[in-house]
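Subject: The structure I promised you

Hi,

Here is the structure we talked about, so please open it and keep it on screen while you read. My notes on what turned up in it come right after.

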Amino acid sequence: MFRYAWPAVMAALVISAPGVATGIVAAQDATYGIDIANMDLGVSPRQDFYRFANGGWLAKTEIPGDKSSYGTFTELYDITLEQLLTILDDVVTGERALEPNSDEAKAVRMWQQGIDLETRNALGLTPIEPVLAEIDAVADLPAYHQFQQNAMFRGLSGSLPLGVGPDLRDSGMNVVYLGGPWLGLPNRDYYLEDGNEAVQESYIATNAKLLERLGADPSAARSGAQSVYDLEKTLAATTLTREEEQNPELSYNPLTIAELVARYPAMPWLNYLDTLVISGTERVIATQIDYLDELGPILEQTPIETLRDYLRLQLLWNFNNNLDLELEETAFTFLQSLGGQPEMQPVEERALGQTSGLMGDALGKLYVAEHFPPQAKAEMETLVAGIIAAFGERLERNAWMTPETREKALAKLATLRVKVGYPDEWETYEDVEIGESYAESVISAANASLRESLAEAGLPVDREEWGMNAQTANAYYSPLNNEIVFPAAILQAPFFDYRADPASNYGAIGFIIGHEITHGFDLQGSRFDENGNLANWWTDEDRERFEALNQDLVAQYDAIEVLPDLFVNGQITVTENVADLGGVETAYDALQTVLAAQGDSRSLAEFTSEQRFFVAAATVWRGEIRDEALITRIRSGVHAPPEVRATQPLRNVDAFFDAFAIVEGDPMYLSPAERIRIW
Ligand SMILES: [Zn+2]
C-alpha cells in the first residue's frame with residue numbers, strides 16, 4: 001500500500017507476486033523435471049514451440065475466477081500460500097505454539113484481525129475517521145501543506161513524499177529522496193494516451209462511489225471524482241515518461257535544503273524534515289524535478305475542495321483492504337478493469353498478502369523452518385556458481401567489446417553478490433503494536449517500517465538486507481548492491497528439483513539465474529559499476545555498439561503482435577528481453593559444462609538433453625492470461641507477455657534450431673542474420 005519515494009531500479013523477474021489467488025493447489029506431479037503430459041507431442045516444435053512444450057498444460061488449465069492470469073509463478077504462489085495458510089491454521093487451532101508477543105505471534109494476530117470480517121464490518125470506516133476529520137479541516141493551501149507533513153504517518157504518500165534509500169552515486173550510503181505525485185492509475189500513460197478510456201471511466205466511477213461512501217450526493221460525487229481525475233492527469237503530465245524512467249540519471253536531481261526551499265517555497269521544509277526526524281539531512285534528491293517545479297502553480301489553480309477529495313481518495317485507496325468489505329468490494333470494481341478477474345480472492349489470502357507485505361520476515365521465518373531444507377540452499381549455490389562462471393566465459397569470448405571495457409565487466413561479475421533462500425538476519429518488528437482494529441495494526445506496522453527506514457538517512461547501507469521475502473516466488477537483481485537474490489519460494493518444482501535431470505534444472509532455474517546475472521549488464525544495470533554506483537565504466541565506442549544491439553532487440557520485439565493491433569513495447573521491455581536472452585544462452589553453456597563433466601543422464605529417453613533444456617525453458621513461461629490483464633501488462637509492465645518470453649529468446653540461440661532441426665521455412669525459424677547476440 002505504500003510506495004517508495006526513491007527510483008525503482010530493482011529488476012524483478014515477474015510483476016510482483018500476484019495480488020489475487022485461490023487456495024486451490026494442484027497435486028504435485030510424480031515425475032521430476034519436464035513432464036510429457038504437459039507437452040503436446042501432436043504439435044511440431046518447428047511450427048509452434050510454445051504449444052509443443054506446453055500444450056498439455058494449456059489444455060487442462062483454466063484461469064481461476066479470482067485471478068487475472070495463471071502460470072508457473074502463480075502455481076508456486078498457490079503452493080506457498082497453502083503452506084503458509086496451513087502454518088497459520090495450526091497456530092490458530094493451538095497445534096503449533098508460538099512465544100506470546102514474538103514477531104511471529106504478532107503476525108498471526110494481524111492476519112486473524114484481517115480475516116475477522118465481522119469486526120471489520122462493524123467498525124466500518126471508524127478507524128480512519130480522525131484522518132478524514134483532519135482532511136475536512138484543510139481550508140487553504142498552507143493547511144494543505146501542513147497536512148502533508150504528517151501525511152505519510154497517516155497512510156498517505158501525499159504530494160511531496162520523502163523516503164530513504166541508497167544513493168545512486170554512492171550506493172553504500174543512504175540518502176533522502178523526494179518522490180512524485182500519488183496517482184490512482186498505474187502510470188502516466190493511462191491518463192495521457194489513447195485507448196485507456198474504459199479504465200479511466202472505471203476509475204472515475206469507482207472514485208465517485210467512494211466519495212458517496214463519505215457522504216457526498218451522487219452528482220456531487222461524480223463531479224468531485226472527475227475533478228480529481230483532471231488534477232491527477234495534470235500532475236501525471238509533469239512526470240517522466242516510462243522511457244525516461246529507464247535512465248536513472250534523469251531521476252537523480254540533488255538539491256540542497258536551501259535550493260529546495262527556493263524552488264518550492266510553499267512547503268515549510270525544515271518543519272517537514274523535523275517531523276520525519278531527518279532534520280540533519282543536507283540535501284534531498286528529487287526524482288521528478290519537473291513535477292516539483294510545476295506542483296505549486298497547479299495547486300494554486302485547483303479548488304481546495306478538489307484537493308480535499310484528492311486526499312480522501314488517496315486515504316481510501318491506501319486502506320481499501322483493511323477496513324470493511326463494502327470498501328474492498330467497491331475498490332475491486334476498478335481492479336477488475338485492469339485484470340478482468342470476475343471474483344475477489346478469499347479473505348484469508350487478502351489478509352495474508354497484507355500481513356506478508358508488512359511483517360514479511362515474521363512469516364518468512366515460519367515458512368523457511370518448515371519448507372526450505374538446507375541442502376536446497378547448498379545445491380542452489382552450486383548451480384549459481386556454475387552459471388556465473390559460464391557468464392564470465394561468455395564475456396571472455398565477447399566479440400564486440402574492447403579489452404578495456406571487458407576487464408571492467410569481468411570485475412563487475414567478480415563482485416556480484418548472491419543471496420539464496422532467506423536472509424542471515426531476519427527483520428524484527430518490536431515497534432509493531434497489534435491494535436484494537438486491523439486498520440490500527442496495519443498502520444502501526446507501516447509506520448514502524450517507515451520510521452525505521454527514515455532513521456537510516458545518512459547512515460551506511462546494510463547490504464545484508466533483502467528486498468523480497470523468503471516466501472515470495474520471484475527473484476531480482478539489484479544494481480545498487482550488484483546482487484542476485486533467489487527467495488526460498490522460487491526454489492521448488494517446476495523451477496528447481498534436486499531429483500530432476502540437469503537439463504531440466506538448467507533450462508528452468510538456470511535460465512532464471514542467468515536472467516538475473518544479465519540484469520547487471522542490461523541498459524539500466526550497465527550504468528552501475530562493480531560497487532553499485534551510477535558511474536560510467538564504458539568506452540564510448542563500446543557503449544555505442546551495446547546500444548545498437550539493444551535497438552536491434554527493441555525492433556525484434558516491437559514487431560510481435562499479442563492481440564489484434566496490440567504489440568509488445570520493445571523499448572519498455574528491452575532490459576527484461578536482454579536478460580531473457582542472456583539467461584538462456586548462459587544456462588545453456590553451463591549445462592554443456594555439466595554434461596561434459598558428468599555425462600548425459602537422459603532420464604527421458606525420448607528427448608536429448610538439449611531438447612529437454614529448451615522445453616524446460618519454455619515451461620517457465622507457460623501461462624494463461626485474460627485480455628484485460630494482457631493489455632495492462634503491455635501498458636504498465638516491463639516484461640513481455642509470458643508466451644513471448646517462452647519462445648522469442650530461444651529463437652535467437654543457434655543451439656535451439658539445431659536441437660529441433662528447425663530450418664528455413666519453419667514458422668519458428670529465424671535466419672542467422674536476424675538472431676541477436678548481446679552477452
Ligand atoms: Zn528481470
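**Ile631 and its neighbours**

Leaving out residues up to four places away in sequence, Ile631 touches Leu563 and Leu566. Before you go hunting for them, keep in mind that this is a predicted model. You'll find Ile631 in helix H25, which covers residues 627–636. Its relative accessible area is 29%, so Ile631 counts as partly exposed. Leu338 is worth a look too: it sits 293 residues from Ile631 along the chain, yet their C-alpha atoms are separated by 8.1 Å.

**Stepping back to the whole chain**

Now zoom out. The chain has 27 helices and 12 strands. Its radius of gyration is 25 Å, close to the 26 Å that the globule rule gives for 679 residues, so the chain is as compact as a globular protein of that length. If you drew a box around the C-alpha atoms along the principal axes, the box would be roughly 75 × 60 × 50 Å.

How much of the chain is buried? Of the 679 residues, 60% are. The surface that the chain does expose comes to about 26500 Å², and carbon and sulfur atoms supply 50% of that.

The contacts are fun to look at as well. Take those between residues at least 6 apart in sequence: 76% of them join residues at least 24 apart.

As for charge, I get 47 positive and 105 negative side chains. The centres of those two sets lie 3 Å apart.

**Two domains**

The chain is divided into two parts. Domain 1 is made of three stretches, 11–85, 358–427 and 465–659, while domain 2 is 126–322. Their centres, taken over C-alpha atoms, are separated by 35 Å. Where the domains meet, 18 residues from domain 1 and 18 residues from domain 2 take part in the contact.

**Two buried residues in helices**

Which residues does Thr586 touch, if we skip those up to four places away in sequence? They are Ile387, Ala390, Phe391 and Arg394. Thr586 itself is in helix H23 (residues 574–598). With 1% relative accessibility, it falls under the 20% cut-off, so Thr586 counts as buried.

Asp78 is in helix H2 (residues 72–92). Asp78 is buried, with a relative accessible area of 1%. Ala473 is 395 residues away from Asp78 in sequence, but 9.7 Å away in space, C-alpha to C-alpha.

**A few backbone oddities**

One bit of background first: most residues other than glycine have a negative phi, and most peptide bonds are trans. Here are some exceptions to check on your screen.

- Ala493 and Pro494 are joined by a cis peptide bond, with omega about 10°. Pro494 is in the loop between strand S9 (483–487) and helix H21 (502–519).
- Val277 isn't a glycine, but its phi is positive, at about 60°. Look for Val277 in the loop between helix H12 (269–275) and strand S6 (283–286).
- Asn482 isn't a glycine either, and has a positive phi of about 40°. Asn482 lies in the loop between strand S8 (476–478) and S9.

Are those last two buried or exposed? Val277 has 64% relative accessibility and counts as exposed, whereas Asn482 is buried, with a relative accessible area of 1%.

Happy exploring, and write back with any questions!

Notes
Residues are numbered from 1 along each chain as its sequence is written. This is a predicted model: local features need pLDDT of at least 70, side-chain atom pairs count only at pLDDT 80 or more; totals for chains, interfaces and linings use all residues. Side-chain values use heavy atoms; hydrogens and water are left out. Helices (H or I, at least four residues) and strands (E, at least two) are DSSP runs, numbered from the N terminus. The radius of gyration is taken over C-alpha atoms; the globule rule is 2.2 Å times the number of residues to the power 0.38. Buried means under 20% relative accessible area, exposed over 50%, partly exposed in between (1.4 Å probe, protein chains only). Contact means heavy atoms within 4.5 Å. Accessible areas come from the Shrake-Rupley method with a 1.4 Å probe; for residues, only the protein chains shown count as cover. Lys and Arg count as positive and Asp and Glu as negative; His and the chain ends are not counted. The place of a charge is taken as NZ of Lys, CZ of Arg, CG of Asp or CD of Glu. Domain bounds come from an automatic or database domain assignment.
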